[in-house]
Structure formats: C-alpha cells, structure tokens
Amino acid sequence: MLGIALKNQDLLKSTGFYAGQWQAAASGKEFPVLNPASGELIVKVSDYGVDDADQAIRSARQAFPAWRALTAKERSQLLMAWYQLILDNSEDLALLITTEQGKPLTEARGEVAYAASFIQWFAEEAKRVYGDTIPSPWADSRIMVLRQPVGVVATITPWNFPAAMITRKAAPALAAGCPCVCKPAEETPLTALALAVLARAAGIPDGVFNIVPSSQSQAVGEVLSTHPQVAMISFTGSTRVGKILLQQASGTVKKVAMELGGNAPFIVFDDADLDAAIEGLMASKFRNNGQTCVCANRILVQEGIYDAFSERLIAAVDKLRVGQGQDEATSLGPMINQAGHRKVSTLVSSALAGGAKSAYTGSLNAQDPARFYPPTVLTDVEAGMAICTEEIFGPVAALQKFSTEEQAIAIANDTTMGLAAYFYARDINRIWRVQEALEYGIVGVNKGLISTEVAPFGGVKESGLGREGSKYGLDEFLEMKYVLQGGLTSA
C-alpha cells in the first residue's frame, strides 16, 4: 500500500461520511484507489451501495429544516470557517489530489485555491439572497417574491478536479440552505473525504455535507436521481451519462444542473498576437494533461499564419516535461487510467491514418508508456476526423487550417457541444462579430484560462443546463415563491 506523507493524517479517510459519522458500507465491500502514475494501491475505500446512498439522503433530509432555519449570516460564518481550514491544509490537499489524480503539484495547489475560492465566494453570496415586492393591482393586497432553498441536493462529480468540482456545487448549495449528498468519482474519493473532514471541523452540522464513495456508479447514480427526498441533482461529467440522469430525474420532476461534455474550438486569426495565442493555447490545451472539459479540442489557424504558428507551438510543447506529479519540474502527469490512454491513442492513430501529419511527439522521460502519453502536435487535421468530433481528453494539439472568418465560425459551431470556445484577434470589429456568433456558453477572447469563481460557468446545446459560480450560480439552488397577502385594511 502506498503511504501519503500528510502533515494532517486525519485527512486520509477510507469510509464514507453521512449523518456526521464515518461509516463503512453496509455490505462491508471496498474498492481500491490507485495512483495513476504507478498503479500502486493508495488505500481501499468503503464501496457504498444503494442502501447506503438512501441512508445518506435521509440524513440530509433530516438536517434540512435546521440548516435552512439558520440565518444567512450564520451559514456564511460556517462556510468561511471551512474555507479557512482548506487554506490551512492546502499542501496536504494538493498532495492528495496529485497522488490519486496524477496532476502536477503546482496544478494541484492551484486547484485547492480555486476550490476554496468557491466557498469564500458563496459564503459572501449567502447574505445576498434577495426577494422582491411587486406593486399590487388590489388596494387590500401586497405581493412578495421569496427565494428559498430547493431542499436536498445530490451531486455527482468527476475525477479531473476532485476538489473544485465538489466545492463549486456544495458551496452554493450550502449557502442557499440546502444539505448536500455528494458522490465523488471512483478514481478520486480521497480528496472529497478530506473536504468532509474539514467541513466537520468547521462546525457544519451533521447531515448537511455528506460523501458517498462508490464504484457502483450506475446504481448509486440512479438512487440519487430518482429518490423522492432529493429535490435537485447537479452533475458534471459526460453528455451520455448526463442524458441518463436527466431521464431518471424527470420521474420526480427534480431541478437539474448539468455541466457536460465540450468540444472547444481555439481559433487563431491572422491579426492575432501569435506569442499571446501560443501562451493561451498552452494553458488551455495542456492544463491537467489535456483532461478538462474546457480544453482546446480543435485548433483552427488561419492559413496565412498556419506555418509560423505551428513552428512556435512545437517549440513551446517541446519545453513540457512528462513525469511524476510530485516532481516540481513536471509539466504533465499520467493519464487517469488505461481507458483514457487507449482513447487518446486511438484518436491519434485514426487521424494519422486519415491523412493528418505527426509534427511533434515529446519524450516520456522514461515514464511508463502505458500510463503516460507524450505531448503531441498533429497538423493537416480535417474537420470530419474523429479527433475533431470527440473530446480528446489528452495532451494532443490537433491543428486545422481555415481561410475566412466565416469558415472558422462555421467549423467552430458545427458540433452538438457548446461549452467553451476561444479565439485570438486584434481587430475590434472582428472580436465583436466572432464573440457574438460563437454558439458557446463561455468565450475566451485573447485569453486561454477562463475559469473563475466570479463568472458563470456552463454551456449551451448538449453541453449542459444551468450555471456554476458567480452570483448566478446561487440561483440554481433556490426556488421562487410568490406570496399574496390579502384582506389588508388601511388604518
């Protein structure tokens, strides 16, 4: 078993958490959590099943009235205490993320800070859940609009950001007055359990924040999406699974928030600052080894600058270093698992067979080729190739050539996805035209990193429903109630 040298060993938990207690699965079953860089066992974690998930939901429902009854200021103070404890334990949390997910420590530290920022933001926003009064058409009546918590929220989160994807959902849920039951990804439950340790230490009441680790994703996901005591489900993951959850949630007409797949275009026009575009692409494409839903997936470069851009990109990619996440010099860690590795390999092989060219393949620096994938640049990629229609989710930059602005927009919008898009240009007229024409929920103009707690994150088309972060992110966890007070008389 692989040890983790945490300063605070209490953060390493192997059982689920609900009703304020660390509880093993009723079946006694466990599943292994492996280090993706080596395949070594980190620890075995309780494998929650349907009955365990049901109990966690019931504990959250039981906690709901008291949590909702707290003042917004009281909830805010508890969230701020949680936020501070995350900062105090940030290095341990980063090490947990790197060990179970594989990303370099530098990126893991950034994720911890990003995760904490959502708790801080929504601790502040908890005090800004405002209602309205509406002028009544009747002299003896008054009209009010109240905004109240929806109830128990079930969340299902992915492995690529094991801390941030939880806090981006749980923080607004708790701020609004909703208890939360979270099922983290099977690959990365340890970070979620560590967050529960800190939530409990912060004084968040029993039953308000619950973690349900499980390898039984389909069965437990169905419980969370169909249970009558769950008022809302918030999911980040693939569009395929999101559609299943939407169908299941429809049976009880739950509120849903879905952050699903992406197919992000990254457009470089001939008037772009090429150095800035390269810097933005490196940040967007290779962060977390290309394993993010907002990664640049299709890189569209105008024909007049295509060769110059390709050369500069290859020079930049050549500086990346593949290695173990704990090594401070590492730029790219391992793929999350064998299936992810096979998918990237298949997409690259298919593109090459279809006429794309391998312009650059990086070194693995003696790392296991079955677990690590070399940074790769492909040129002469065509729009119909699978590498352009599917999410790559790996460190591969696939370059396409285009001629006109209209052609670039048409290619960019020719997808069922609509999460994030990026483009680089300096002509202000072009910037306005393109940012309005792109059919995406998020558009980065001359910027490759777009995620922040203060802005709404989410997609259109088959990339999802709802928004996370910003003042709009709280609305997902609130219901609007119209109250008419009649029979009023003047003095």
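## A strand with two faces

Strand S3, residues 30-34, has a covered face made by Phe 31 and Val 33, while Glu 30, Pro 32 and Leu 34 form its uncovered face. This fits a familiar rule: side chains in a regular strand alternate between the two faces of the sheet. A word before we go on: the model you are looking at is predicted.

The partner of S3 is strand S4 (residues 41-46), and the two pair in the antiparallel sense over 5 bridges. Within that pairing, Pro 32 has Lys 44 of S4 as its bridge partner. The hairpin of S3 and S4 has 6 residues between the strands, and here Gly 39 takes a positive phi near 80°.

## The mixed sheet

Further along the chain, 7 strands come together in an open sheet with mixed pairing, and their order is S14-S15-S16-S13-S12-S17-S18. Its edge strands are S14 (357-361) and S18 (442-445), each of which pairs on one side only. On average, neighbouring strands of this sheet are turned by 20° against each other, direction ignored.

At the S18 edge, S18 runs parallel to strand S17 (residues 420-424), joined to it by 4 bridges. Here Tyr 422 stands opposite Gly 444 in S18.

Which helices pack on this sheet? Helix H13 (residues 405-413) does, touching S12, S13 and S16, and its direction makes about 170° with that of S13. Helix H9 (residues 274-286) lies across S12 (264-268), S13 (296-302), S16 (396-402) and S17, running at about 165° to S12.

The buried residues of H13 are Glu 405, Ala 408, Ile 409, Ile 411, Ala 412 and Asn 413. They pack against S12, S13 and S16, and also against helix H14 (428-437).

## A closer look at Thr 379

Thr 379 sits in strand S15, which covers residues 376-379. Is Thr 379 buried or exposed? With a relative accessible area of 11%, Thr 379 falls under the 20% limit and is therefore buried. Leaving out residues up to four places away in sequence, Thr 379 touches Tyr 306, Ser 310, Ala 356, Lys 357, Ala 359 and Leu 399.

## Two nonpolar cores

Nonpolar side chains tend to be buried together in soluble globular proteins. In this model, the largest nonpolar core has 68 residues, and those touching the most other members are Trp 82, Ile 86, Leu 174 and Phe 209. Helix H4 (residues 105-125) gives the most to this core, contributing 11 residues.

Trp 82 is a good place to start exploring. Setting aside neighbours within four places in sequence, Trp 82 is in contact with Ile 119, Leu 174, Leu 195, Leu 198, Ala 199, Ala 202, Ile 204 and Phe 209. Apart from the largest core lies another, of 37 residues, including Ala 264, Ala 272, Leu 332 and Tyr 422.

## A helix pair

Helix H3 (residues 90-101) packs with helix H6 (residues 189-201) at an angle of about 160°, their axes 8 Å apart. Angles over 145 degrees count as roughly antiparallel, so that is how H3 stands to H6. Their crossing is right-handed.

Which residues make the contact between H3 and H6? From H3 come Leu 93, Leu 96, Ile 97 and Glu 100. H6 brings Pro 189, Leu 190, Thr 191, Ala 194 and Leu 198. Leu 198 of H6 is also one of the contacts of Trp 82.

Terms used: Residues are numbered from 1 along each chain as its sequence is written. This is a predicted model: local features need pLDDT of at least 70, side-chain atom pairs count only at pLDDT 80 or more; totals for chains, interfaces and linings use all residues. Side-chain values use heavy atoms; hydrogens and water are left out. Buried means under 20% relative accessible area, exposed over 50%, partly exposed in between (1.4 Å probe, protein chains only). Contact means heavy atoms within 4.5 Å. Two strands pair if DSSP finds at least two bridges between them. Axes are lines fitted to C-alpha atoms, for helices over the stretch in contact, and angles run from 0 to 180 degrees between N-to-C directions. A nonpolar core is a set of buried Ala, Val, Leu, Ile, Met, Phe, Trp, Tyr and Cys residues joined through side-chain atoms within 4.5 Å. Angles under 35 degrees count as roughly parallel, over 145 as roughly antiparallel, 65 to 115 as roughly perpendicular and the rest as oblique. A crossing is left-handed if the near helix is turned anticlockwise from the far one by less than a right angle, and right-handed if clockwise.
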